[in-house]
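This report introduces a structure to a reader who has not met it before. Please keep the sequence and the 3D view at hand while reading.

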Protein chains: 2
Amino acid sequence: MQHCDTLIAPRWCVPVEPLNAVLTDHAVIVNDGRITDLLPLKAALERYQPSVAIEKPDHMLVPGFVNAHTHAAMSLMRGLADDMPLERWLREGIWPAEERWVSAEMVRDGTELAIAEMIAGGTTCFSDQYYFPEVVAEVAVDLHMRAMIGTPIVEFPTAWAKNVAESLEKANDLVHDRYNDHPLISTCFAPHSTAALSDDSFLELRVLADQLDVRTQIHLHESAAELAAALEATGRRPFDRLLDLGLVNASLLAVHAVHLTRSEIDIFAESGVNIAHCPRSNLKLASGIAPIANYRNAGINVAIGTDGAASNNALDMLSDVRTAALLAKGVSHDAGAVSANEALKMATLDGATALGLAAEIGSIEVGKWADLACIDLNRLHSQPVYDPVSQLIYTARADQVTDVWIAGRHQLDNGKLTHIDTDNVLSRCHEWRDRFASSISRNSRI
Amino acid sequence: MQHCDTLIAPRWCVPVEPLNAVLTDHAVIVNDGRITDLLPLKAALERYQPSVAIEKPDHMLVPGFVNAHTHAAMSLMRGLADDMPLERWLREGIWPAEERWVSAEMVRDGTELAIAEMIAGGTTCFSDQYYFPEVVAEVAVDLHMRAMIGTPIVEFPTAWAKNVAESLEKANDLVHDRYNDHPLISTCFAPHSTAALSDDSFLELRVLADQLDVRTQIHLHESAAELAAALEATGRRPFDRLLDLGLVNASLLAVHAVHLTRSEIDIFAESGVNIAHCPRSNLKLASGIAPIANYRNAGINVAIGTDGAASNNALDMLSDVRTAALLAKGVSHDAGAVSANEALKMATLDGATALGLAAEIGSIEVGKWADLACIDLNRLHSQPVYDPVSQLIYTARADQVTDVWIAGRHQLDNGKLTHIDTDNVLSRCHEWRDRFASSISRNSRI
């Protein structure tokens, strides 16, 4: 008999790789944070002596969800400004609130709230883009959450940096250096949008990204208004500018990409640009509906992001991937577009690919980190089970996520967060609520 | 001091009528199943001596949701046939399974599962359309659920009736007679679609509907294929046929109505036809996206339905109304379309209107039945609360529904169904799963 740290025996194991596989009566073996075996339960019980054995007779085990785009700290602004289009939402709702309140402390408290919500909903990795990224990284490490920390780059002064030069310097010193080769934290550059940077700044960023070998993510072609403004200001579509600047390659994650021409789709596919599709945010801000069935058919890797809670309003990957699967069918007029199994892959392995982490996470395969989520299907609304993956994508809710492991650590145990003091998180959240509410003029019931 | 049956004191009370009202520190008083007072809590405590007093300090109280269209018993076919368009889904997935298995027993067990799921998710009234409607009505009465029982009318023989004449006779004898003026049950005619009935049958139905003074609901303009087939078979669009047959009036509930011309929209509005919008089902079957912002702007009453669980795949009104609110914004390019408050009204009072029940249910008003749902917002993903209605529509999940009353009876108490034996419901559900699975050829993991 061999020792192992953890043996997990769910009713169904869906490894995602290979696609469509559903393993029954199998066990996942975890050692030192990584998956070291995946085998029939009977054989596992004969071979391994686990420190911890966990049986989940009504549950399915899947790779933890990869949230390919969010602004975690904005959880404190959830519902602050609803029912407004992107540009008004930014100018009247979000930017004034941010100008008044964004600080390292706000980012710490908001990121903790967001990470707690994400882990409770089965997300084991998030790609972030917000001010004070060094704080986001610290919180992620403290709470043992996997994160891709996007260091924000904008031309205008913010609470975090006074210009692009300082953003790049801080990004380099504070973030990329510190987390080089960290087991949980990766970093990338996150220029906000093409409107937010000059050509010179983009070129500077490109040189540094090449030197440091880090990836880049950017909001791109999110709304018609963004395209119109870019055409007026520069005579070019934002993507054309990135092409001219030499930034279009497989290290690029284009966030949103709601509006692409046929030729842009072809260039995305040829150059390996990844897309973070944020369907609920795009609907809520009336930005449009990205035709992801077309994108996928063209060969583009499409991941799923929740976007920030101020525009979603939840960091709930199950809800966003369900919306993505349903929308893809409705918009493409093809009920076979984005099957349940394909949707699950988008929320896991395709997300890992989009972040450059596919060798490490995104599927239940030997050698990868044990980033896992366990979902209870024994609920009225998820029964009967003809196909567990169908129930996961089309019926399961975040509250059915009972157990989550991140790099092997049991972060959610029978529905309880093991390493996060949620009362404390909520009490700080309530303090921020009063601060934010005091600075906005809204109706009298607040 | 006056006696009262129940006093409910939530943190926020959202009566829906008037729109946008959010009452804090108020109490709802219930007597003999009806709302008899709604007043400030302080005054309520001075005036009333309740048999039961329920304080809900983190919760909002809203009218119970009205599910304007479903096929409850199809919950047993949840996930049986996914990722197929409407016509293939019916011909290859649903109809063969129904032909083999539909019976009074199946309808009883499936309807119980559906009602349990609906009550647990805050739904207090559903409009049903399925075979053995007398069984659906019996189950609803047994479980104390409010229902509009649509008696199915089709030309072809079914397990319930051999032709239209027998359908109408059974509908009249078994259903409408028995539940005339029942406190929980209303009835209506439910011809499946224009394709399913001859002109003569429609005329016979119209005469009987007028005699009995019952309403009519019908699947109408759900998919492009339905329109094309109707044009080929009759030379007319289905709605034009109903117009010619004299069936277009304020007693008509058009289910789906995904595809309407501008002039059809005008006629709907002028004649007071109601629409049951089933956004998730329409997306999942790739039927299209009903432009409900246009419909509402034209003055049409638009209610929300889940459709059956075989095409949704959940009977979760919170999920469908959220999808409706988000889709309306995305499709109309107007982030202000269907605000959170308007969405809540669609899921409650507009549903009641669509079923002809607006005088009895759909809002928290004195004199109406006490059909109420209480939702806990003290969850990570629903905090902070700037606006409880925003949190309800954009973040809340069915598991946050903690308490439900139907005609004053406390049907869900702190998250537990008080009058339904869910273990028993699930055990019969598992038996049906095995029967249905045995009759379909699917991959080997079932």
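In this predicted model, a convenient place to begin is Cys125(A), which stands opposite Arg146(A) of strand β8(A). The pairing around it joins strand β7 (residues 123–129) of chain A to strand β8 (residues 146–153) of chain A, and these two strands run in the parallel sense over 5 bridges.

Both strands belong to an open sheet of chain A, in which 8 strands follow one another in the order β6-β7-β8-β9-β10-β11-β12-β13 with parallel pairing. At the edges stand β6 (65–70) and β13 (302–304) of chain A, and because each has a single partner strand, one side of each is left without a neighbour in the sheet. Averaged over the sheet and with direction ignored, neighbouring strands are turned by 25° against each other.

Helices pack on this sheet as well. Helix α4 (residues 133–143) of chain A touches β7, β8 and β9 (185–191) of chain A, and its direction makes about 175° with that of β8(A). Helix α12 (residues 317–332) of chain A touches β6, β7, β12 (274–277) and β13 of chain A, with a direction at about 140° to that of β13(A).

Chain B also has an open sheet of 8 strands, with the order β6-β7-β8-β9-β10-β11-β12-β13 and parallel pairing. Its edge strands are β6 (65–70) and β13 (302–304) of chain B, each of which pairs on one side only. Strand β12 (residues 274–277) of chain B is joined to β13(B) by 3 bridges, and the two run parallel; here Ile275(B) stands opposite Val302(B) in β13(B). Lying across β6, β7 (123–129), β12 and β13 of chain B is α12(B), which runs at about 140° to β13(B).

The table gathers the helix directions described above.

| Helix | Reference strand | Angle |
|---|---|---|
| α4(A) | β8(A) | about 175° |
| α12(A) | β13(A) | about 140° |
| α12(B) | β13(B) | about 140° |

A further helix of chain B deserves a description of its own. Helix α2 (residues 86–101) of chain B has a kink of about 40° at Ile94(B), shortly before the proline Pro96(B). Ile94(B) is buried in α2(B), as are Leu86(B), Trp89(B), Ala97(B) and Glu98(B), and the cover over the buried residues of α2(B) includes α7 (224–234) and α16 of chain B.

How, then, do the two chains meet? The contact takes 57 residues from chain B and 58 residues from chain A. On the side of chain B that touches chain A, at least two residues each come from α3 (104–120), α10 (279–284), α12 (317–332), α15 (388–394) and α16 (422–438) of chain B. The most is given by α16(B), with 7 residues, and by class this side of chain B has 28 nonpolar, 15 polar and 14 charged residues.

As for the arrangement of the copies, a rotation of 180° with 0.0 Å of shift along its axis superposes chain B on chain A, with an RMSD of 0.0 Å, and that is the relation of a two-fold axis. The same surface serves both copies, since 100% of the contact residues of chain B recur in chain A.

Finally, helix α16 (residues 422–438) of chain A contains His430(A). Is His430(A) buried or exposed? His430(A) has 11 other C-beta atoms within 10 Å, and so it is exposed. The C-alpha atoms of His430(A) and Leu76(A) are separated by 8.8 Å, although these residues are 354 residues apart along the chain.

Notes
Residues numbered from 1 in each chain as written. Chains lettered and ligands numbered in written order. Predicted model: local features only at pLDDT ≥ 70, side-chain atom pairs only at ≥ 80, totals over all residues. Contact = placed C-beta atoms within 7 Å. Helix = DSSP H or I, 4+ residues; strand = E, 2+ residues; numbered from the N terminus. Nonpolar A, V, L, I, M, F, W, Y, C, P; charged D, E, K, R; others polar. Pairing = 2+ DSSP bridges. Axes fitted to C-alpha atoms, helices over the stretch in contact; angles between N-to-C directions. Bend = angle between axes of the 7 residues up to and from the residue. Buried ≥ 20, exposed ≤ 12 C-beta atoms within 10 Å, placed from the backbone. Least-squares fit on C-alpha atoms with pLDDT ≥ 70 in both.
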